[in-house]
Amino acid sequence: RRHLSENSKGEVSELLHMIGEFERIGDQAENLMEAAQALQKAGKGFSPQALEEMEVYGAAVGEILDTAIGAYRDFDIQRARRVEPLEQVIDIAEEQLKSRHIARLRDGECSVEAAFSFVEALSDMERIADHCSNVGMVLIAESQGYADYDTHAYLHALHKGQTPEYAQAYREYEDKYLRALGEPGAAGK
């Protein structure tokens with residue numbers, strides 16, 4: 001009977017954690033596909049404004065996914081550190097877009113079915129971003145040595161803007177995505 005070394009146990013644990021995160025990302029992607037198919041089958045769609053917003057939001061989620069996967073694949077800690085600032089921008093964008101879409105529903109600019117699908121799609125994509133954040137945090141923690149690494153303290157410091165690297169990346173993503181969503185109709189500009 002063979003036993004794993006402590007180092008091997010840590011590697012197996014990290015691998016299982018990452019598999020879980022990527023599996024959850026796949027589950028959210030499947031939810032998105034099923035919702036799109038149901039909307040199409042019902043003959044419903046998003047308003048032009050919602051489509052513009054979803055294009056920008058989808059680009060942000062695509063970027064965070066590419067960043068997290070690349071960071072994991074290459075064990076690139078610099079790339080892993082760029083995940084959390086983008087995740088925060090995605091959180092803010094989700095709230096803005098939900099509010100705008102509820103206003104469109106209230107004003108009769110979209111159907112109830114489309115409104116529900118839009119909000120669910122935003123939530124599913126935000127969850128993808130959350131799982132990407134988890135991947136980034138595991139990589140950063142691993143690079144720092146798990147035993148001495150406090151993920152909550154690290155995130156708290158980041159969100160208070162106490163690291164220049166985070167603040168710079170956040171501003172870049174804010175300019176790239178939140179400004180693109182700034183004014184209704186400005187998403188494509």
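In what order do the elements of the chain run from the N terminus on? In this predicted model, the elements run α-α-α-α-α-α-α from the N terminus, and the legends below take up several parts of that arrangement in turn.

**Figure 1. Overview of the chain, which has seven helices and zero strands.** The chain has 189 residues, of which 41% count as buried. Among the contacts in the chain with a separation of 6 or more, 79% are accounted for by residues 24 or more positions apart. The accessible surface of the chain comes to about 10,600 Å², and carbon and sulfur atoms contribute 52% of that surface.

**Figure 2. Close-up of the crossing of helix H4 (residues 83-106) with helix H7 (residues 164-178).** The axes of H4 and H7 come within 8 Å and cross at roughly 35°, and the crossing of these two helices is right-handed. On the H4 side the contact is made by Glu-84, Pro-85, Leu-86, Gln-88, Val-89, Ile-92, Ala-93 and Gln-96, which meet Tyr-166, Ala-169, Tyr-170, Tyr-173, Glu-174, Tyr-177 and Leu-178 of H7. The residues of this contact divide into 11 nonpolar, two polar and two charged. H4 itself has 24 residues and reaches 35 Å from its first C-alpha to its last, which is close to the 34 Å expected at 1.5 Å a residue. After H4 comes Gly-108, whose phi is positive, near 75°.

**Figure 3. Close-up of the contact of helix H2 with helix H7.** The axes of H2 and H7 come within 10 Å and cross at roughly 145°. In this contact Val-56, Ala-59, Ala-60 and Glu-63 of H2 meet Tyr-173, Lys-176 and Tyr-177 of H7, and the residues involved divide into five nonpolar, no polar and two charged. Tyr-173 and Tyr-177, listed here on the H7 side, are also among the H7 residues that meet H4. H2 has 27 residues and reaches 39 Å from its first C-alpha to its last, close to the 39 Å expected at 1.5 Å a residue.

**Figure 4. Close-up of Phe-75, in the loop between helix H2 (48-74) and helix H3 (77-80).** Phe-75 follows H2 and has a positive phi, near 45°. Its relative accessible area is 39%, and Phe-75 is therefore partly exposed, since that class lies between the 20% limit for buried and the 50% limit for exposed. Leaving aside neighbours within four places in sequence, Phe-75 is in contact with Gly-70, Leu-139, Glu-142 and Ser-143. One of these partners, Glu-142, is 67 residues from Phe-75 in sequence, while the two lie 9.8 Å apart in space, C-alpha to C-alpha.

**Figure 5. Close-up of His-17 in helix H1 (residues 6-41).** With a relative accessible area of 36%, His-17 is partly exposed. His-17 and Val-135 are separated by 118 residues in sequence, yet their C-alpha atoms are 8.6 Å apart in space.

**Figure 6. Close-up of Gln-28, which also lies in helix H1.** Gln-28 counts as buried because its relative accessibility is 11%, and buried means under 20%. Not counting residues up to four places away in sequence, Gln-28 touches Asp-124, Arg-127 and Ile-128. Within H1, then, the views show a buried residue in Gln-28 and a partly exposed residue in His-17.

Key. Residues numbered from 1 in each chain as written. Predicted model: local features only at pLDDT ≥ 70, side-chain atom pairs only at ≥ 80, totals over all residues. Heavy atoms only, no water. Axes fitted to C-alpha atoms, helices over the stretch in contact; angles between N-to-C directions. Helix = DSSP H or I, 4+ residues; strand = E, 2+ residues; numbered from the N terminus. Left-handed = near helix turned anticlockwise from the far one by under 90°. Contact = heavy atoms within 4.5 Å. Nonpolar A, V, L, I, M, F, W, Y, C, P; charged D, E, K, R; others polar. Buried < 20%, exposed > 50% of the residue type's maximum accessible area, 1.4 Å probe, protein only. Areas by Shrake-Rupley, 256 points an atom, 1.4 Å probe, with all protein chains shown as cover. Expected span 1.5 Å × (residues − 1).
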